[in-house]
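Visitor: Got a minute to go through this one with me? I'd like to poke at it piece by piece.

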Amino acid sequence: MSAILIIEDEHALASALAAACRRLGYGARLCASGARGLEEAAREKWAAILLDIGLPDVNGLTVLEQLLAHDRTR
């Protein structure tokens, strides 16, 4: 089953997004910080990544830049 990575620090919103993903037939993995999200992103191939801009440890746009840089090296 394809899975979607959700990088979101608001628990209620992350849970709602995960439930929506599951209803659409995807698995979902939740991460509450940019650092944890980057670790998970590197571990496997994701169908999509839902990324919050305002994370507690790093700006989401910085996470996006790192995700794109990592993807180019694959």
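Visitor: Let's jump straight in: is Arg 29 buried, partly exposed or exposed?
Guide: Keep in mind that this is a predicted model. Arg 29 comes out at 34% relative accessibility, so it counts as partly exposed, between the 20% and 50% cut-offs.

Visitor: And what does Arg 29 form a salt bridge with?
Guide: With Glu 40; the closest N and O atoms of that pair are 2.5 Å apart. The pair links distant parts of the chain, since Arg 29 sits in strand β2 (residues 27-31) and Glu 40 in helix α2, 11 residues apart.

Visitor: OK, so is Glu 40 buried or exposed?
Guide: Buried: its relative accessibility is 2%, and the cut-off for buried is under 20%.

Visitor: Which salt bridges does Glu 40 form inside helix α2?
Guide: Glu 40 forms one with Arg 36, where the closest N and O atoms are 2.9 Å apart. Those two residues are 4 apart in α2, about one turn of the helix. Arg 43 also forms a salt bridge with Glu 40, at 2.8 Å between the closest N and O atoms. Here the spacing is 3 residues, again about one turn of α2.

Visitor: How exposed are those two arginines?
Guide: Arg 36 is partly exposed, with a relative accessible area of 35%. Arg 43 has 56%, which is over the 50% cut-off, so Arg 43 counts as exposed.

Visitor: Which residues do the shared partners join into one network?
Guide: Arg 29, Arg 36, Glu 39, Glu 40, Arg 43 and Glu 44 are joined that way.

Visitor: And how many salt bridges does the count come to?
Guide: The count is 5.

Visitor: New topic, strands. How does β1 run relative to β2, parallel or antiparallel?
Guide: Parallel, and 5 bridges join β1 (residues 3-7) to β2. Ile 4, for one, has Ala 28 in β2 as its bridge partner.

Visitor: What do β1, helix α1 and β2 make together?
Guide: A right-handed β-α-β unit, with α1 covering residues 11-23.

Visitor: What about β1 and β3, how many bridges there?
Guide: 4 bridges join β1 to β3, and these strands run parallel too. In that pairing, Ile 6 stands opposite Leu 50 of β3.

Visitor: Why is β1 called largely enclosed?
Guide: Because 5 of the 5 residues of β1 are buried, the strand is largely enclosed by the rest of the structure.

Visitor: Which way do the β1 side chains point?
Guide: Ala 3, Leu 5 and Ile 7 point one way, while Ile 4 and Ile 6 point the other way, and all of them are buried. In general, side chains in a regular strand alternate between the two faces of the sheet.

Visitor: Give me a number for Leu 5 in β1: what's its relative accessibility?
Guide: Leu 5, which is found in strand β1, has 0% relative accessibility and therefore counts as buried.

Visitor: How far apart are the C-alpha atoms of Leu 5 and Ala 69?
Guide: They are separated by 17 Å, with the two residues 64 apart along the chain.

Visitor: Last stop, pockets. What volume does the largest pocket have?
Guide: About 370 Å³. It is lined by 16 residues, and Ala 41, Trp 46, Ile 49, Leu 67 and Asp 71 lie nearest its centre.

Visitor: Which elements give two or more residues to that lining?
Guide: α2 (34-43), β3 (48-51) and α3 (60-72) do. Of these, α3 gives the most, with 6 residues.

Visitor: And how does the lining divide by residue type?
Guide: The lining of the largest pocket has 10 nonpolar, 2 polar and 4 charged residues.

Methods. Residues numbered from 1 in each chain as written. Predicted model: local features only at pLDDT ≥ 70, side-chain atom pairs only at ≥ 80, totals over all residues. Heavy atoms only, no water. 1 Å grid on protein atoms, 1.4 Å probe; cavity = no way out; pocket = protein on both sides within 12 Å on 5 of 7 lines; lining within 4 Å. Points joined across faces, edges and corners; volume = space filled by probe spheres on them. Nonpolar A, V, L, I, M, F, W, Y, C, P; charged D, E, K, R; others polar. Salt bridge = Lys/Arg side-chain N within 4 Å of Asp/Glu carboxyl O. Buried < 20%, exposed > 50% of the residue type's maximum accessible area, 1.4 Å probe, protein only. Pairing = 2+ DSSP bridges. Right-handed = clockwise from strand over helix to strand, strands pointing away.
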